[in-house]
Amino acid sequence: MTHSFRLSVNGGAYHVDASAGAFLLDVLRDDLGLQGTKEACAEGECGSCTVLVDGEPVDSCIYFVGQAEGHEITTVEGLGGSDLHPVQRAFAEHGAVQCGFCTPGFVLAAAALLTRVPDPSADEVREALAGNLCRCTGYDNIVAAVLSAAGGETT
Amino acid sequence: MTDNALGTIGMSVPRHDGPAKVTGRFEYGVDASRPGMLWARLARSTQAHARVVSIDTTAARAVPGVRAVITGADTVEYVGSRYIRDEPILAHERVRYHGEPIAAVAADTEEAAEAACRLIGVEYESLPAIGSVAEALAPDAPIIHPDWEGYWVSPMIRRPGGNVLSHASLRRGDSQAVFAAADHVFEDTYEVPMVHQASLEGRVAIAEVDDSGDVHVWSSHQYPFGLRQDISDILHIPLSKVRVTVTGVGGGFGGKLYAGVEPYCIVLAERTRRPVKLRFTREEELVATSPRMGATVTVRTAVSADGILLAREGWIDYDSGAYAESSPGVVSVGLMTLGGPYRWQALSIDARAIYTNKAGCGSYRGPGAPQAVFAGESQLDRIAVELGIDPLELRLRNAVRDGDLGPTGQILENVSLVETLEAAAARIGWDTAGTGDDSGKGLSCTWWTTTGMPSSAYIRVDEDGTYVLVTGATEIGTGAVTAGVAQICAAELGIDPADLKIVSADTATTPYDFGAQGSRTMVQAGNAAIAAASDLKDQMFAIAAEKLACQPDDLELRDGEIRHKDDPAVSLTVSDVARIGGTRGGLLGRGSYEQPPTEFDTDSVVGAMIGAFNIPSFATHACEVSVDRQTGQVSLDRYVVAQDVGHVINPTYCAGQVTGGTVQGIGQAMFEEIVYRDGRVVNPNFTDYKLPTLPDLPQIETVLVEVPSSSGPHGAKGVGEQAVIGPPAAIANAVRNATGVAVNRLPITAERVWSALRDGRTG
C-alpha cells in the first residue's frame with residue numbers, strides 16, 4: 001500500500017509514492033537519487049544518515065517519510081549551493097575526511113550547530129557531534145574543522 | 001607550481017577526494033548500480049554447529065520477483081579461504097557458526113530477496129558447539145572440520161590438525177637455562193575477545209557476467225588484485241576473465257582484503273544473466289564477517305634483580321572461529337610482537353589458531369598484535385611494580401637500539417623506540433606518583449612493520465601537459481594515495497599535486513599492487529611512482545634532446561618546461577613534448593618497486609608466514625586515567641601517542657592515521673567486544689557493540705617522531721596500523737597505577753575494574 005507524499009528537499013518540491021512505513025533515508029536515496037546521505041547502522045545509532053529537518057539534525061534512517069511532510073529537508077547535496085559551505089571547506093582542508101562515509105552526517109550536524117551557535121567552544125562542538133560515529137579519524141580533526149569554520153580556535 | 005625539489009613533501013596539502021566526499025558526490029560501493037541490476041540476500045544458519053539434513057527452497061522460489069535461489073548443493077566446488085581452503089561459500093551438509101551463509105537469492109528488489117530468504121526451510125541436526133579455545137582443545141572435543149586432512153593448504157603453514165589449524169613457533173636462545181638462573185620469574189594469562197573492524201560502509205559489490213563469461217566486479221575493497229585471484233581460485237574462473245574495479249571505499253581496516261560478498265554476486269549473475277548487487281547489513285557485518293581473532297595469552301618472563309629482561313616464553317591461542325581465513329598468517333605476528341621491542345637473551349613463543357563455532361576471523365588493522373601486546377606490555381608493568389622500578393625506566397633499560405636483533409634475529413636499523421619513549425614521557429609529564437584521587441598514568445610500547453611486496457605505477461602525460469598517475473594502489477580513506485603518493489609523485493614531476501590526475505585500483509587498467517594492507521601503500525606505491533616518474537622523464541628528455549639538438553643529460557624539468565640547464569631559453573613545454581610523444585605511441589612512464597625481503601634467522605621460526613618486520617617503526621603510548629572505586633568506571637583523561645613515521649609526507653593525514661588508529665585501539669581497550677552467548681552473537685548492532693564516540697575521549701595528543709628509513713620515499717616508514725596496538729596495555733597500566741589492581745581481560749569495563757578492586761587482583 002503506497003501513499004503519495006509531498007516533500008520539500010533542498011528547496012525543491014517533490015511528490016513521491018512510498019509506503020507509510022518508508023523511512024526518509026530510503027526515499028532520499030532510492031526515489032530522489034540523493035545518495036550523499038548514507039546508511040551505516042539503520043537504527044539511529046551512528047548519525048551517518050543525518051539530514052536537517054527545518055535546520056535540526058535527525059537520523060533519517062528512523063524518520064518516517066510522512067514526518068517530513070510540511071518541513072524543509074536539507075541533505076548534504078543542498079548544503080553548499082554553488083560553492084562549498086564553510087563547514088564543507090573546513091572538513092576538506094583540516095583532515096576531517098578520511099574514508100568520508102560519515103562526513104555528510106557530520107557536516108550537516110556541524111552546520112546545524114553553527115546556525116544555532118555561531119562561535120561554539122570545543123566542548124560545545126564535541127557535545128553537538130556526540131551522536132555521530134567516525135571510525136577513521138579519531139574525531140579530533142573533525143572538531144578542529146568545525147571550530148575553524150566558526151572562526152574559532154583550532155587547537 | 002612548487003619552487004623546490006621536494007615539492008609539497010612535508011606539507012599538509014588537501015587530499016584529492018576531499019571535495020567529493022564533503023559534498024556527498026563521492027560514489028561508494030553502496031551507491032553504485034548497473035542497468036537491470038538484481039539484488040541479492042543471503043539466508044544464514046540459525047545453528048552454531050549442525051548437520052544440514054535438508055533445505056527446502058520451494059516457497060522462496062515462489063516469491064514474486066525472485067530470479068534465482070542457490071544453496072550449498074549448487075556450489076559444492078566453490079570453497080574459499082586463502083591459506084587453507086576450508087570455507088564453502090554456502091554451507092553444505094554442515095554449518096559451523098550461527099550466521100553462516102546457507103543459501104543466496106537474487107530478486108528484483110532487496111525486499112523480495114529478503115522475503116525469500118526467510119522462507120527457506122532448513123532442517124538441522126544439532127551438533128555440540130564449541131564456544132571457546134579451551135573447549136576446542138579438550139581431548140573429547142568434537143572436530144569442527146572432520147575432513148581437514150583433505151583440504152588444500154598453503155605450504156608455509158604448519159597444521160597440527162584437529163581443531164588446531166595452524167601453529168607457528170619461535171625459538172631463540174636457551175630459554176630453559178635462562179629461566180633456571182633468573183632472579184625473578186613472572187607468569188600471567190590474559191584474555192582478549194573478538195572485535196570488529198566496523199567500517200561504516202559494510203561489504204558490498206556488484207557483479208556482471210557478459211556473454212563470453214567474462215566477469216566484472218565492482219567492489220568496495222582494499223586489494224583488487226587479491227580479490228581477482230580469490231575469485232579465480234574459488235569459482236575456477238581463469239584470472240584473465242575476471243576484472244575487479246574498486247568503488248569508493250567507506251572504510252576497510254583489513255575487513256575488505258579477501259573475497260566476501262563477491263562470489264555470491266558472480267554465481268547469481270551467471271544464473272540470471274543480470275548484474276547482481278549484494279550489501280551486508282550491520283547485523284550481518286557483526287555476526288559473520290571476519291573479525292579480529294580473540295586470544296588467550298599466557299606469558300612467562302625471566303628478569304634479573306636489576307630489571308634486565310632476560311627471557312620470555314609465551315603461548316598464544318588465537319580463536320579463529322569456524323574458518324581459517326587469514327589466521328594462518330596472523331599467528332606469526334604473535335611471535336613477532338609478544339616479546340615487544342626489547343632485548344632478550346632467549347625467546348620461546350608458540351602461537352596457534354584454533355577452530356571454534358564462531359564467525360571465521362580475518363584481518364583487522366595490526367592483525368594479531370593487540371592481543372599479544374596487551375599481554376606483554378601489561379606484564380611489564382606488573383614486573384616494574386613488583387621490582388620497584390619505574391615502568392618508563394624499565395622500558396628504557398631494555399629497549400632495542402640500532403644494531404640490536406629483533407625476535408627472529410633481524411638486524412634492527414633506524415630504531416626509534418627510545419625517541420618515542422622520551423617524547424611520550426615528556427608530553428604526558430611522566431610520573432607514577434598519581435594524584436591521590438585514584439588517578440594514574442600508564443605506558444605501552446609497540447613496534448610494527450611496513451609490509452613489502454610489489455607495487456607498480458604508470459605515469460602518462462597527456463597532450464595538454466597533464467600528468468596522469470595510473471596506480472594499482474587503492475585509496476581506502478587513509479590519504480595514502482590521494483595525498484601521500486600524489487605528493488611524492490608530484491614532487492618528482494615538479495608539479496602541484498592538485499594538478500596530478502589519479503587513476504587507481506582496477507585490475508583491467510592499472511598495474512599490479514599488493515593492496516592497501518600492512519601499512520605499505522604510501523611507502524611501496526610511492527616508490528613505484530618515483531620509478532615511473534624517472535622512466536617518464538627519460539622518455540620526455542629523449543624527445544626534447546632530439547628537438548633541441550642537445551643531450552638528455554643537458555636537460556632539466558622545471559615549471560612545466562624541459563629546459564637546457566645552461567640556457568633556460570632553450571626549452572620545450574611538457575605539452576609540446578607530449579604531443580610529439582603522442583605520435584610515437586604515447587608517453588608512458590612505467591615503474592615498480594619491491595622491497596628486498598628483510599633477512600632474519602630462518603631457523604628460529606617454524607610455520608611462520610611472517611618472519612621479520614620490514615622497515616620497522618616504533619611507538620609509545622602514554623595515558624592518564626581516573627577510576628571511580630565505587631563503580632569501577634574509568635575516565636580516560638589524557639592520551640598521548642608518539643609514533644615514529646620515518647619522514648612526514650603530509651602532517652595532517654599522517655597524524656590522522658595515528659590519531660584514528662589510537663581511537664580504534666581505545667575502543668578495543670575499553671568498549672568493544674563481540675559477545676557470544678550459546679553460540680550466537682548477542683550484540684550485533686551499534687547500540688550494543690559500542691564504538692568510541694566524542695564524549696568517551698579526550699583530545700588525542702599525537703606526536704610524530706621522525707627517524708628516517710633508508711628505503712622509504714623521502715625516508716618514510718609505514719604509518720597506518722601501528723597506533724591501534726598500544727592502547728589496551730597503556731590503559732590497563734594506567735588503571736593499575738591508579739588503583740593497584742590488574743585487569744587482564746579486555747575490554748576494561750567498569751564491571752571488570754570493580755571486580756578486580758573487590759578481589760584485590762594484582763597479577
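Trainee: Where in chain B is the place of Pro747(B)?

Mentor: In this predicted model, Pro747(B) sits in the loop that runs between helix 17 (727-739) and helix 18 (750-759) of chain B.

Trainee: What makes the peptide bond from Leu746(B) to Pro747(B) worth a remark?

Mentor: The omega angle of that bond is near -10 degrees, and the bond from Leu746(B) to Pro747(B) is cis.

Trainee: What can be said of the phi angle of Met453(B), and where does Met453(B) lie?

Mentor: Phi of Met453(B) is near 75 degrees, which is a positive value in a residue other than glycine. Met453(B) belongs to the loop joining strand 18 to strand 19 (455-461) of chain B.

Trainee: Strand 18 of chain B also takes part in a sheet. In what order do the strands of that sheet stand?

Mentor: The order is 18-27-28-31 in chain B; these 4 strands make an open sheet with mixed pairing.

Trainee: Why are strand 18 and strand 31 of chain B said to stand at the edges?

Mentor: Strand 18 (439-448) and strand 31 (700-705) of chain B each have a single partner strand, so one side of each lacks a neighbour in the sheet. Between neighbouring strands of this sheet the turn averages 15 degrees, with direction ignored.

Trainee: How do you know that strand 28 and strand 31 of chain B are paired, and in which sense?

Mentor: Pairing requires at least two bridges. Strand 28 (residues 634-644) and strand 31 of chain B share 6 bridges in the parallel sense, and therefore the requirement is met. As one instance of a residue and its partner, Ala642(B) is opposite Val703(B) in strand 31 of chain B. Helix 16 (residues 651-670) of chain B packs on this sheet and touches strand 27 (617-627), strand 28 and strand 31 of chain B. The direction of helix 16 makes about 130 degrees with that of strand 31 of chain B.

Trainee: Which strands stand at the edges of the open sheet in chain A, and why?

Mentor: That sheet has 5 strands in the order 2-1-5-3-4, with mixed pairing. Strand 2 (12-19) and strand 4 (56-59) of chain A are at the edges, because each has a single partner strand and one side of each is left without a neighbour in the sheet. From one strand to the next, the twist averages 45 degrees.

Trainee: How do you know that strand 3 and strand 5 of chain A pair?

Mentor: Strand 3 (residues 50-53) and strand 5 (residues 72-74) of chain A share 2 bridges in the antiparallel sense. The threshold is at least two bridges, so the pair qualifies. Val53(A) has Ile73(A), in strand 5 of chain A, as its bridge partner. Helix 3 of chain A packs on the sheet and touches strand 3, strand 4 and strand 5 of chain A, its direction making about 35 degrees with that of strand 3.

Trainee: What makes Asp31(B) and Arg29(A) a salt bridge?

Mentor: The closest N and O atoms of Asp31(B) and Arg29(A) are 2.8 Å apart, and the limit is 4 Å, so the pair satisfies the rule. Across the interface of chain A and chain B the rule finds 3 salt bridges. Helix 2 (86-93), helix 3 (103-116) and helix 5 (140-149) of chain A each supply at least two residues of the side that touches chain B. That side divides into 19 nonpolar, 13 polar and 9 charged residues.

Trainee: How many residues does each chain bring to the contact, and what is the area buried?

Mentor: Chain A brings 41 residues and chain B brings 47 residues. About 3,500 Å² is buried between the two chains, with carbon and sulfur atoms giving 58% of that area.

Trainee: Why are Glu114(B) and Arg118(B) separated by about one helical turn?

Mentor: Glu114(B) and Arg118(B) are 4 residues apart in helix 3 (residues 110-118) of chain B, hence the separation of about one helical turn. Their closest N and O atoms are 3.1 Å apart, and the two form a salt bridge.

Key: Residues are numbered from 1 along each chain as its sequence is written. Chains are lettered from A and ligands numbered from 1 in the order in which they are written. This is a predicted model: local features need pLDDT of at least 70, side-chain atom pairs count only at pLDDT 80 or more; totals for chains, interfaces and linings use all residues. Side-chain values use heavy atoms; hydrogens and water are left out. Contact means heavy atoms within 4.5 Å. Buried area is the accessible area (1.4 Å probe) that two parts lose on being put together, summed over both. A salt bridge is a side-chain nitrogen of Lys or Arg within 4 Å of a carboxyl oxygen of Asp or Glu. Ala, Val, Leu, Ile, Met, Phe, Trp, Tyr, Cys and Pro count as nonpolar, Asp, Glu, Lys and Arg as charged, and the others, Gly among them, as polar. Axes are lines fitted to C-alpha atoms, for helices over the stretch in contact, and angles run from 0 to 180 degrees between N-to-C directions.
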